[in-house]
Amino acid sequence: MTSVSPGDAPVPVFPPGDGRRLGQAEQHDTLAARNSRLTPGELLTVKVRRSEAPEGGAVCQEFQVPYQKWMRVLDALNWIAENAAPDLAFRWFCGSKMCGTCAVRINGREVLACWEAVEPNMVIEPLRNLPVIRDLVVDRTRYEDKVASLEPWIERREAYVQFPEPLTHKQMKDASKALDCISCMCCYSACPVIGLGNLTDFAGPGPLVQLGQTALDPRNSPEKVRRSLELTGIFNCVSCYKCEEVCPASIPIVSRIIEPLKAKAALLVPEMAKHSFALRDIVASRGRVDPGELVLRVQGLRALGNLRRILRLFARGKIDPIRTLLGIKTNAAGAAGRILGNKTGKP
Amino acid sequence: MKFAYYPGCSARSTCAELNDATHLVASKLGLDLMQLDSATCTGARELRAIDPAGFYALNVRILALAESHGLPLMTICNTCTLNVLDAHAAFVSDPELAASVNARLAGENLHYSGRTKISHFLWVLHEDIGERRLRQQVVNPLAGLTVAAFYGCHITRPPGRYGFVDSRNNRALERLAEILGCLPIEYSGRTECCGFHTAAHDERVAIKLTGQHVLAAKAGGATAMVTPCPLCHTVLDSFQPEMEKDIDQKLDMPILHLPQLVGLALGLSPEQLKIDRHMVPAGVLDGYAATASTGLK
């Protein structure tokens, strides 16, 4: 790392210390720790959420499953189906983290049944945010329709420059991450915004990753990408990284898929990125965010609709209308202006 | 122990009480904070998506300011913390980016070489002050105060990077609450999202999401909630009347900034910590505040 470290070595991205890891040890959150907590033959308590249909009441049925060495959640489900509940409905095909059909929730957390070690006490539930067909089997239609509606393919009108086409790893770095997706829908189940139903038009992390496979490919035509992005509601992503936390393919969904797609949207459909441009302008001119100005610029007169709240915030000194209206700069304005430029970044 | 201190935007506007409380508590704990007054916004979530080059430059500039004083950087906002961590990580792994960012900073005679240690106040409490010293400083144990820890997102995720563990296993806030004498409660909202980052264009998401979390904290028996992030605080506290309207139920849940909870246990009064600047009254905490004899020295 030549240009970076003229003197001492750069600080590693994570300096040692335990503020962040505090709790990891006591919660036994490693595969080895989980396996060492159980001995072969020991009984696991497995509660499976079972139901006939979305409207039919769900019940939790409890099973005692004898632990076998290296037992996975899928092995426990298969043991139950073979020994205790032959009518238990669950999906799986490859058993090796490829097909993406066996995703379920274990103790509130989305996992692939084929790739998760069992725990002594488990509640197994179907994925959220999708209708349940029976037991652990969900109806994938909502997800698949969304993916299809985004037209996740490449369209181009111009002739190829040459064949084979020149394409670098760097140009494909984000799209190639998206290509790791196995459509297991763990992220779709974990997404809090999708969890709010039709409140927003957010397409959800899974469909965006599927779109990213082609929309982040430099060969795709901007016109096609624009058409798709318009349907994504992508700026409703709250950036919580819940999707990344559960992704069995370890795709950095927020930073490598959603943010690059947002960047494309800002370029191709700038009206979608109104909030982002407003923030950039405010930081560029004032140095720091003035919350009053941000809300006014994003919401327009709608912001003044909730007068009671405005008065409430004003009474506690949380907003400063004088500062907002006079456009008073902070002592960081000079630096921000030099770095971001004083002109709007809008194309 | 000296830190370059980056308060961010919220703690200098909507949550000014957080900045004041941080300074008070830091001086009680013997932390010497050098506030970076010329530091800009880190770009929140917006800038990093639409202008990555500008995003890296703003954040690396903050790191360079700290480095120019030879000090580690202390943050008090989750999103700022993740932004500077992300910028640092990109900077040290991409020499091309590093060179271009440094070229942008050269006009100010600033240069970053990747040596700034980044730490959120929560981690400083555990890593630099430590449990033993902290216990010695607790003159007003908040005995029996039930608190719900609300971590938020950006100091617990993305997983696998920057030392973050599976967010379910974070205990730093609960452990701290115990050291201060509180009883941390278990509830479903601990490491969930407050929805702040889309609230400027659609606050319904924040209201719906956070309403569930506050309700869960209340059901779990919490007297107050504590958060290490002013953005979470803004939603949890300022939007609470809207949440109550949405779920048609009173919540009356006082929300404390992390340094305010620490400050109460260190004997500072709610007035000194400006807890009265919050939207939700926190009178219920008066019983836990230090009496005058231990409070104001």
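Which residues is B:Glu46 in contact with, leaving aside its neighbours within four places in sequence?

**Entry 1: B:Glu46.** I worked from a predicted model. I located B:Glu46 in helix α2 of chain B, which covers residues 46–50. Leaving aside neighbours within four places in sequence, I listed its contacts as A:His275, A:Ser276 and A:Leu279 from chain A, together with B:His197 from chain B.

**Entry 2: charge at B:Glu46.** I then looked for a salt bridge and found that B:Glu46 has none, although the residue is buried. The nearest side chain of opposite charge is that of A:Lys262, 6.1 Å away. Because a salt bridge requires the nitrogen and the carboxyl oxygen to lie within 4 Å, I did not record this pair as one.

**Entry 3: extent of the interface.** I next looked up the contact between the two chains, to which chain A gives 80 residues and chain B 92 residues. The buried area is about 7,300 Å², with 56% from carbon and sulfur atoms. I noted that A:Arg20, A:Lys318 and A:Ile339 supply 12% of the area that chain A buries against chain B, more than any other three residues.

**Entry 4: polar and charged pairs.** I recorded 13 salt bridges across the interface of chain A and chain B. I also noted the salt bridge between B:Glu96 and A:Lys170, whose closest N and O atoms are 3.7 Å apart. For polar contacts between the chains, I entered 37 residue pairs, with both residues at pLDDT 80 or more.

**Entry 5: the side of chain A.** Among the elements giving two or more residues to the side of chain A that touches chain B, I listed α9 (253–268), α10 (274–286) and α14 (333–340). The residues of this side divide into 38 nonpolar, 20 polar and 22 charged.

How values were computed. Residues numbered from 1 in each chain as written. Chains lettered and ligands numbered in written order. Predicted model: local features only at pLDDT ≥ 70, side-chain atom pairs only at ≥ 80, totals over all residues. Heavy atoms only, no water. Helix = DSSP H or I, 4+ residues; strand = E, 2+ residues; numbered from the N terminus. Buried < 20%, exposed > 50% of the residue type's maximum accessible area, 1.4 Å probe, protein only. Lys, Arg positive; Asp, Glu negative; His and termini not counted. Contact = heavy atoms within 4.5 Å. Buried area = accessible area lost by both parts, 1.4 Å probe. Polar contact = N/O pair within 3.5 Å; in protein donor to acceptor, adjacent residues only side chain to side chain. Nonpolar A, V, L, I, M, F, W, Y, C, P; charged D, E, K, R; others polar.
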